[in-house]
Amino acid sequence: GNNRVGIVTASPTVALDVTGALKTSTDSTINGLTVGKGGGSVATNTVVGNGALASNTGSGAALTAIGQNALAVGSSGNYNTALGRNTLSNLTSGSNNLAIAESALNTNTSGSYNTAVGGSALLNNTTASNNTAVGYQAGYSNTTGSVDSFGYQALYSNTTGSGNAAFGYASAKLTTTATYNSSFGQNSLFS
């Protein structure tokens, strides 16, 4: 009368009490979280999170999506890692991307070889490749430029400028389309 089921246990303490391993052939939902291989059920993919890798067509391999809507659209690209809510959530064909922290590389659709570490880092990057952004909102406005930005809001306003490198708090923050600039230190090349 306690509505409990035990597997390899005579005294279940919760609704389903399993002693030993549990194996399923499809993704599982545990307390609202999807755990498994994601859309397409590709053997080399790893998914943990509601909506993570939900729409994968099955052609993207070696994908890791951890967090709500991480790699949500799926990808025909390979070797992408998205850790955090809404990371790489619009990627369709880019490969070898790494996004860590909420909304990092969120709007990237086809860019490859990008690294974004920090909340909203490279948030607006769409098709650009070979970018590195480390810090909250580093490279935030970049859409098609190729930049290296390290620090809080470094190269924040850059949209299409390429070959730029900024190191430090708000370094080159207002640079938008300029190319081949290097900026070192807090607020350097700020305007």
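This section describes the fold, the nonpolar cores and two serine positions of a predicted protein model.

The secondary structure of the predicted model consists of 13 strands and 0 helices, so that, when the protein is read along the sequence, the pattern is an uninterrupted β-β-β-β-β-β-β-β-β-β-β-β-β. The C-alpha trace spans about 70 × 30 × 20 Å along the principal axes of the protein. In keeping with these dimensions, the radius of gyration is 20 Å, whereas a compact globule of 191 residues would have a value near 16 Å. Among the contacts in the protein with a separation of 6 or more, residues 24 or more positions apart account for 0%.

With regard to the surface, 43% of the 191 residues count as buried, and the protein exposes about 8900 Å², of which carbon and sulfur atoms supply 54%. The charged side chains comprise 5 positive and 4 negative ones, and the centres of these two sets lie 5 Å apart.

In soluble globular proteins, nonpolar side chains tend to be buried together. In the present model, the largest nonpolar core has 18 residues, and those with the most contacts inside this core are L53, A65, L71, L88, L105 and A116. A second, separate core of 5 residues includes V147, A154, L155 and A172. Within the largest core, L71 may be taken as an example of the local packing: with residues up to four places away in sequence left out, L71 touches L53, A54, L63, T64 and A65 on the N-terminal side of the sequence, and N80, A82, T87, L88, S89 and L91 on the C-terminal side. Among these partners of L71, the residues L53, A65 and L88 are themselves listed with the most contacts inside the core.

Two serine residues in loops were examined in further detail. S55 is found in the loop between β5 (46-48) and β6 (64-66), and, because its relative accessibility is 46%, this residue counts as partly exposed. The C-alpha atom of S55 is separated by 6.1 Å from that of A72, although the two residues are 17 residues apart along the chain. Contacts of S55, not counting residues up to four places away in sequence, are made with A72, V73 and G74.

S103, in turn, has its place in the loop between β8 (98-100) and β9 (115-117). Its relative accessible area is 12%, and S103 is therefore buried, the criterion being a value under 20%. Not counting residues up to four places away in sequence, S103 touches R85, N86 and T87 as well as S120, A121 and L123.

Technical notes:
Residues are numbered from 1 along each chain as its sequence is written. This is a predicted model: local features need pLDDT of at least 70, side-chain atom pairs count only at pLDDT 80 or more; totals for chains, interfaces and linings use all residues. Side-chain values use heavy atoms; hydrogens and water are left out. Helices (H or I, at least four residues) and strands (E, at least two) are DSSP runs, numbered from the N terminus. The radius of gyration is taken over C-alpha atoms; the globule rule is 2.2 Å times the number of residues to the power 0.38. Buried means under 20% relative accessible area, exposed over 50%, partly exposed in between (1.4 Å probe, protein chains only). Contact means heavy atoms within 4.5 Å. Accessible areas come from the Shrake-Rupley method with a 1.4 Å probe; for residues, only the protein chains shown count as cover. Lys and Arg count as positive and Asp and Glu as negative; His and the chain ends are not counted. The place of a charge is taken as NZ of Lys, CZ of Arg, CG of Asp or CD of Glu. A nonpolar core is a set of buried Ala, Val, Leu, Ile, Met, Phe, Trp, Tyr and Cys residues joined through side-chain atoms within 4.5 Å.
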